[in-house]
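This note is addressed to a colleague who is meeting the structure for the first time. The points below concern enclosed spaces and strand pairing.

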Amino acid sequence: MEHRLLEYFIAVSEELHFTKAADNLGISQPTLSHQIRLLEEQLGTPLFHRSGKKIHLTQAGTVLLEHARRVFHELEQAKLVIGELTGLRRGRLRIGCSGNHLLIQSIISFHRQFPGIELSIVELATEETRERLLTNKLDLGVVFLPLKDEQLISLPLYKEELVVIVPQDHPFAESSGIELRELALSPLVLFPPKFLARQMLDASCAEIGIQLSPVIELSTMESQCQMVAHHVGLSVVPKSYTATLRDPRLVSVPIAEPAPYRSVGIVYRKDTYMDTAIQAFIEHLSSNLQTD
């Protein structure tokens, strides 16, 4: 079975659309369809259910996708090991992060120490980071823990609590701590439910029998804070993010005890080859982020 055929199969499986997959691969749609038919002939079974323009993986296709991803992952791991044996340095680290503010100082110091290593950092929800780690699209994740998956290893770094962002002229601005029940009575601009920070907040509210109903949901803390600055509502963000705030219109206020908190840590696949770049980055985070 040719390596190229598996690459084409994975592309179609991820898009579930031949034309989009062909565009991503830089080939024509008829060529891609022909290659997939060749693969199906080699295996003696259909890999996709075709219904008009819609396609879905067959049971055989689902099995092949799992193994094909494993094949490509193992090839990448082999390249890393061989590269280190021949004295080469890894060229790129792909990292998913629950908030880029968590990594800014570490990125700067790591780049100064290893200027030849390219860092590609994407801000994602924790579950999105997990999915991309398992499909070999990321090398590491920096996320809220726990992240339960038997294929992943987690290394806790520190505890992160949530705080409320309010306008400087808001009555809460001088408060020493805002009760969740008080917060529930205010208009709120929060993360969508898929974000773990939002889940942390909702879980704490559920424990005391209340439910938050935000007026707006936004996926970035920058956009949430802009809404607060314009008096649209209050927001709740990780405390570490407030160190990056430079807007005099905004004030961060603690949530009264017990404040919602979660551990932040590094996650990676168990079968990831720990080359020197990955080890160095993990050590860098551990030394730059305070462990609780």
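How many cavities of 30 Å³ or more does the count come to?

1. The model is a predicted one. In it, the count comes to 2 cavities of 30 Å³ or more.

2. The largest cavity holds about 60 Å³ of space. Its lining is made up of S98, L124, A125, T126, F144, F191, F195, L196, A197, M221 and P238. By residue class, this lining comprises 9 nonpolar and 2 polar residues, with no charged residue. Two domains contribute to the lining of the largest cavity: domain 2 (89-154 + 264-289) and domain 3 (159-262) each supply at least three residues.

3. The second largest cavity has a volume of about 40 Å³. L162, L190, F191, A197, R198, L201 and V236 form its lining. Helix α8 (residues 196-207) makes the greatest contribution to the lining of the second largest cavity, namely 3 residues. The lining of this cavity contains 6 nonpolar residues and 1 charged residue, but no polar residue.

4. F191 and A197 deserve attention when the cavities are inspected: both appear in the lining of the largest cavity and also in that of the second largest cavity.

5. Strand β11 (residues 261-269) runs antiparallel to strand β5 (residues 140-145), and 5 bridges join the two. Within β11, G265 stands opposite V143.

6. Strand β11 also pairs with strand β6 (residues 152-167), again in the antiparallel sense, over 9 bridges. R262 in β11 is the bridge partner of E160.

Note on methods. Residues numbered from 1 in each chain as written. Predicted model: local features only at pLDDT ≥ 70, side-chain atom pairs only at ≥ 80, totals over all residues. Heavy atoms only, no water. 1 Å grid on protein atoms, 1.4 Å probe; cavity = no way out; pocket = protein on both sides within 12 Å on 5 of 7 lines; lining within 4 Å. Points joined across faces, edges and corners; volume = space filled by probe spheres on them. Nonpolar A, V, L, I, M, F, W, Y, C, P; charged D, E, K, R; others polar. Domains from an automatic or database assignment. Helix = DSSP H or I, 4+ residues; strand = E, 2+ residues; numbered from the N terminus. Pairing = 2+ DSSP bridges.
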